[in-house]
Each structure stands twice: as structure tokens, then as C-alpha cells.
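Trainee: Could you take me through one part of this structure slowly? I would like to see how a sheet and the helices around it fit together.

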Amino acid sequence: MAQSAFQRANVEPRTEVKQGVEKRARLRRQMYLAQMVSFILDAAILFFYSLSGTIPAFASAWYLAAGVGWTAITLILSEMHFNDRFQDHYLTVPQSLGSIGIQLAAIYFLPEVGFYFACIIFVVLGFGALRMSARQTGVVWAYAAIGLTAVFTLTDRPIGMPMATFAERHLALLCFVTALGRCAFTGLYGASLREALYRRGNELKVAHAKIEELAQIDELTGVLNRRYIMRGLNDEMARAQRAGTPCAVAILDIDFFKRINDGYGHPTGDEVLRGFAITLAANVRSIDKLGRYGGEEFLVVMSLSSKDQALSAMDRLRQIVSELDWDPISDDLRVTFSAGVAQVRPNDAPEDILARADAALYRAKDAGRNKVMAG
């Protein structure tokens, strides 16, 4: 059985939400796996230090268990969509606190290579700051600062970076090179975030422009709605009065439109309005402004046009519309319009010129319709 439109309307948003949740989970998964690789790399370096006799043999296994275990817990929570309950679905603050805590513990228990873990704290804080607010960054920084203060001043651990032997010097070099690599990765990640924000900003600009455009358009006819055609009238009148250039206004009304609605039905009436608006838009100048004034009435604002020029232009439009073939919409359908034209005067307000154009429109109707009169 086919889905109803209502069912489809409800299914599509749910599908989009599900896709968004899955995308966020995928991004988190990539981040946690990268974090796990980082811990494994550090454990490998510690293993080489243990082979050289600098640190105890169990140190590498302990660090690996702590780092991979912490990452595994966060990854499992992510896969269970626990993170999606929070605005920051990466849970950057808890992640940073946990990782820094492991580094502080490593400095305390493995002081022989403690400066390396201090370097990693810089990397963790720098990476986390890309996704944290100023307040959150302050909290994580305070936590790291207090932890380092405690380890450096409240203990007598000889925190250092051994370089006495050939192996230790090269392992120290490896520590700093890998730390620099993670700093570079942090920079690249920040650049990707900026690029994503730039793209999102452009998408929002396009969406805003589209919304603004839709707000100006009459939904049925596709021309300017009353609010924006009136704004166009105000702008053109002000420009013409300031520069002393001509400007004319025409109010067009479809003849016997009520008979069309009553005799052919409202759907046909809507098609007539659309076809009429399309015809007008295709035959007015690009500098003219066309809008739906209300019901079956349309307003055309013609800049740089005198009353005589506007009369000629509207009469040409009247002839075009009267000769259109409306059979594709309904058999024996004939559409004409009447129009009233007025020219802007130096001291006119919008209501003044509209009143003159409206009066001319009524004279055109009284004269038998399908005519253009000037006011």
C-alpha cells in the first residue's frame, strides 16, 4: 500500500535526523581511533626506553592499558550514542581531562621521562581548545596547571628527560619529533574546522538569500508580493522626485475575474493568475517592478517613464494578453485586463499616485473594460 503524503512528510525528517546522528558518530569514531593510535605510539616509545633500561619494564604496558582503556570506554559510550545527549557531542572537556590525567600520572610514576608527558599535555590542551569555549578552556587549563604544580612542587620526583646515552638521545629526539607531528596535526585539524565553518557560512548566506527572496515573492504568481512592490514604489518615487526624472505607476485588474472563478473553478482562476503574471513579467522592462497588489490586481512601477510612455506600454500589454490562447487551461476562456496609469508628481506620497491610478482604473472599467486610462 502506497505511503500517504503525511506519512512521507514524517518519514523524511526522521531519516535526515538518523543520518545526522550516524555522521556525528562516524566523526567521533575517527577521532577516538586517532587518539588510540597516539597512546599506542607513546607506549611504543616507552617500550624502547624500557629496553634501554631507563624506565621499568612494566611502564609501557601500564601506559598502554590506561590510554587504550580510557579511549575504549569513550568509544563504547559514543557507539551507544551517549554523546548525542550533549551539545558538544565530542565531550571535549571530559576527553581532555581524562587524557591530561593520564599524562600527569605518567609524569608522577615515570619521572625519568616526565618532560615528554608534559609536552603531550600541551598537545592535548591545544587540540581540545579548538572545540571548547573560553570558559571550558580555562577549566581544562586550570586542571592541567594544578596537576603540574602538584607534581613539580609537592613531590621530590626527579622529573627530567635523559640524554646520557646514545639510545636516550635518539629516543628523546623521537619523543619531540612525534610531539611536533601531533602539533602539526592539530594545526591541520584547526584548518579543516575553519574551512568547514567557511563552507557552512557560505551555505547559510545562500539559504538566507533564498529565504529573503521567498519572503519577497507572491507564492501563487511568482512576482513581488504587496509588501515588496510597495517598498519598490516608495524607492522609485523617492529616486524620481530627488533626481527630477519621470516615473509612472499602473494598476492592472483582470476583467470579470470573479466570473472566471465561478464559471471555471478556483484552480482555473489560479492558473489564470499565474499565466497572467508570467505574461506581464515577460513583457515589462528589466528596470520595471512588477508585483501582486491584491487579489487579481497587479502593480507595475515604471521608472524613467512618462505618463504617455506608460500608457503605450500598458496598451501593448493589454493587446498581448487579449490575444493569448488560454485553451490549454480551459476551452473558450478569454482573459483581458483594465489598467489605470498615473505619473509621479514632485510632492506626491505613495497613496496620492495610487489613488489617481485607481481612479483611472475605475474609469477604464466603466468605459467597457479591456482598456487603459490615465489619471
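Mentor: Happily! In this predicted model, look for an open sheet of five strands, arranged in the order β2-β3-β1-β4-β5 with mixed pairing. At its edges lie β2 and β5, each of which pairs on one side only. If you ignore direction, neighbouring strands are turned by 20° against each other on average.

As a bit of background, strands in a sheet pair through backbone hydrogen bonds, and they can do so in a parallel or an antiparallel way. Follow β1 and β4 here: they run antiparallel and are joined by seven bridges. To find one spot on this pair, go to D253, whose bridge partner in β4 is S338. Helix α10, residues 307–322, packs on the sheet and touches β1, β3, β4 and β5. The direction of α10 makes about 170° with that of β4.

Now turn to helix α11, which covers residues 350–366. Why does its length make sense? At 1.5 Å a residue, its 17 residues should span 24 Å, and the end C-alpha atoms are 24 Å apart, so the two values agree. The buried residues of α11 are I353, L354, R356, A357, A360, L361, A364 and K365. What do they pack against? Their partners are helix α7 (226–243) and the strands β1 (247–254), β2 (289–294), β3 (297–303), β4 (337–343) and β5 (372–374). Finally, look just past the helix: α11 is followed by G368, which has a positive phi, near 120°.

Conventions
Residues numbered from 1 in each chain as written. Predicted model: local features only at pLDDT ≥ 70, side-chain atom pairs only at ≥ 80, totals over all residues. Heavy atoms only, no water. Helix = DSSP H or I, 4+ residues; strand = E, 2+ residues; numbered from the N terminus. Expected span 1.5 Å × (residues − 1). Buried < 20%, exposed > 50% of the residue type's maximum accessible area, 1.4 Å probe, protein only. Contact = heavy atoms within 4.5 Å. Pairing = 2+ DSSP bridges. Axes fitted to C-alpha atoms, helices over the stretch in contact; angles between N-to-C directions.
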